[in-house]
Amino acid sequence: MIEVKNVTKVFEDTKALDNLCLHVKKGTVYGLIGPNGAGKTTIIKHLTGVYKQDAGEVLIDGNNVYENIKLKNKTICIGDDLYFFPTYTIADMAKFYAGLYPDWDWVRYESLKEVFKIDTKRRVRKLSKGMQKQVAFWLGICTKPDVMILDEPVDGLDPVMRRNVWKLMLQDVAERDITVLVSSHNLRELEDVCDHVGIMFGGKIVLEKSLDDAKGNIHKVQAAFSGFMPDELTQELNVLHSEQFGSVYSLIIKGDSGEIKNKIAAYSPLLCDILPLTLEEVFIYELGGIGYESANILL
Ligand SMILES: Nc1ncnc2c1ncn2[C@@H]1O[C@H](COP(=O)(O)OP(=O)(O)OP(=O)(O)O)[C@@H](O)[C@H]1O
């Protein structure tokens, strides 16, 4: 279980984290999403013990993360800034990891040769960017972590390998109850793997919910009336966004779908369809509601 309690971090004149609270349950996959500069990488660096917070608490299983060797042994972080020793081959790196991580699993390492299919005698630094990422996952999974912190994890991996890597991680979530926090701008992909999402904006978490709840409280509605949509109805509904194409209104409405349907039905619409939103649309409209506007390109 990951708990971030009221964490603040200031860099010179920038408040990167502002009283941030975040909760990730054990055995779940948590998608951390937010616009550029929201503070995602900064909180990740706190979760991996790179930064020390100015205020608040960063806890994994109830223990402070900063300078906690025991927790570091059971946490793997994979981001864009991968580090491998200049002359080391994959096999050398595996031996190094085996010495560093007490639960290193050689059997898994051997069996994953079937998945990653890269010659272990090759120097890691000479591999392509995507292959280096594969090695990071290969080694990371073999440390048998309790917690995986991932920053744009599958960037640079080809579609088959992205799928393989997610399969391996979700297998560990199901079988070993590991906890995964993943930050990514690829919302389509997160939608397939996350149980919970946290939306960050301005150094805070502005929404933290199960994926189903996040998507269940905001709807795309298409409605038509004989004439214009009644003003009274617009006032009764929490309309985040509205567009009109001829006599059809395309609306983004916050609230319970049953209640929305009943309120519209009371005005005898010619058409009333409630459609599911994608995570990308939830992101755009939730953030639009708090002042991070996007162009009207989704309806
Ligand atoms: N080492 C640092 N020194 C000064 N400012 C920093 C430092 N690291 C981050 N910041 C600032 O903190 C804020 C949050 O940055 P952060 O990298 O955490 O955002 P992010 O959500 O990861 O963004 P992106 O999606 O673009 O990667 C930004 O305003 C950034 O300029």
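**Lys209, two sheets and the ligand shell in a predicted model**

Lys209 lies in strand E10, which covers residues 204–210. This position is a handy starting point for a tour of the structure, which is a predicted model. Lys209 has 16 C-beta neighbours inside 10 Å, and is therefore classed as partly exposed; a buried residue would need 20 or more. Leaving aside residues up to four places away in sequence, Lys209 touches His196, Val197 and Ala214. Ile199 is ten residues from Lys209 in sequence, and the C-alpha atoms of the two are 9.1 Å apart in space.

From this single residue, the view can be widened to the chain as a whole. The protein chain contains twelve helices and 14 strands. Its C-alpha trace spans about 75 × 45 × 35 Å along the principal axes. Of the 299 residues in the chain, 33% are buried. Among contacts with a separation of 6 or more, 70% link residues that are 24 or more positions apart. According to an unreviewed UniProt entry, residues 2–227 carry the annotation "domain: ABC transporter". In the model, this span is 35% helix and 30% strand, and its end C-alpha atoms lie 53 Å apart.

The beginning of the chain contributes to an open sheet. Here four strands are arranged in the order E2-E1-E4-E5, and their pairing is antiparallel. E2 and E5 (63–64) are the edge strands, each pairing on one side only. Strand E1 (residues 2–11) runs antiparallel to E2, with seven bridges joining the two. E1 and E2 also make a hairpin with two residues between them, and in the turn Glu12 has a positive phi of about 45 degrees. Beside this turn, Phe11 is found opposite Thr14 of E2. E1 is also joined to strand E4 (residues 55–60), in this case by five bridges and again in the antiparallel sense. Within that pairing, Glu3 has Leu59 of E4 as its bridge partner. Leu59 also stands opposite Asn64 in E5, and the antiparallel pair E4 and E5 is held by two bridges. Leu59 thus has a partner in E1 and another in E5.

Helix H1 accompanies this sheet. H1 lies across E1, E2 and E4, and runs at about 60 degrees to E2. How many of the eight residues of H1 are buried? Six of them are, so the helix is largely enclosed by the rest of the structure. The buried residues are Lys40, Thr42, Ile43, Ile44, His46 and Leu47. Just past the end of H1, Gly49 adopts a positive phi of about 75 degrees.

The same region leads on to the ligand. Which residues surround the ligand? They are Phe11, Glu12, Thr14, Ala16, Gly34, Asn36, Gly37, Ala38, Gly39, Lys40, Thr41 and Thr42. Strand E2 (14–24) and helix H1 (40–47) are the elements that supply two or more residues to this shell. H1 gives the most, with three residues. By character, the shell divides into three nonpolar, seven polar and two charged residues. Several of its members have already appeared above. Phe11 and Thr14 are the residues that stand opposite each other across E1 and E2, while Glu12 is the turn residue with positive phi. Lys40 and Thr42, also in the shell, are among the buried residues of H1.

A second open sheet is formed by strands with higher numbers. Its four strands follow the order E12-E13-E11-E14, with antiparallel pairing. Strand E12 (238–245) and strand E14 (271–275) stand at the edges with a single partner strand each, so each has one side without a neighbour in the sheet. From one strand to the next, the twist averages 20 degrees. Inside the sheet, strand E11 (residues 218–224) pairs with strand E13 (residues 248–254) in the antiparallel sense through seven bridges. One point along this pairing is Ala223, which is opposite Tyr249 in E13. This sheet also has a helix across it: H11 (residues 257–265) lies over E11, E13 and E14, and runs at about 170 degrees to E14.

Key. Residues are numbered from 1 along each chain as its sequence is written. This is a predicted model: local features need pLDDT of at least 70, side-chain atom pairs count only at pLDDT 80 or more; totals for chains, interfaces and linings use all residues. A residue is near a molecule or strand if its C-beta atom, placed from the backbone, lies within 6 Å of it. Ala, Val, Leu, Ile, Met, Phe, Trp, Tyr, Cys and Pro count as nonpolar, Asp, Glu, Lys and Arg as charged, and the others, Gly among them, as polar. A residue is buried if 20 or more other C-beta atoms lie within 10 Å of its own, exposed if 12 or fewer, and partly exposed in between; C-beta atoms are placed from the backbone. Two residues are in contact if their C-beta atoms, placed from the backbone, lie within 7 Å. UniProt positions are given in the numbering used here, feature names are shortened, and annotations may be inferred rather than shown by experiment. Two strands pair if DSSP finds at least two bridges between them. Axes are lines fitted to C-alpha atoms, for helices over the stretch in contact, and angles run from 0 to 180 degrees between N-to-C directions.
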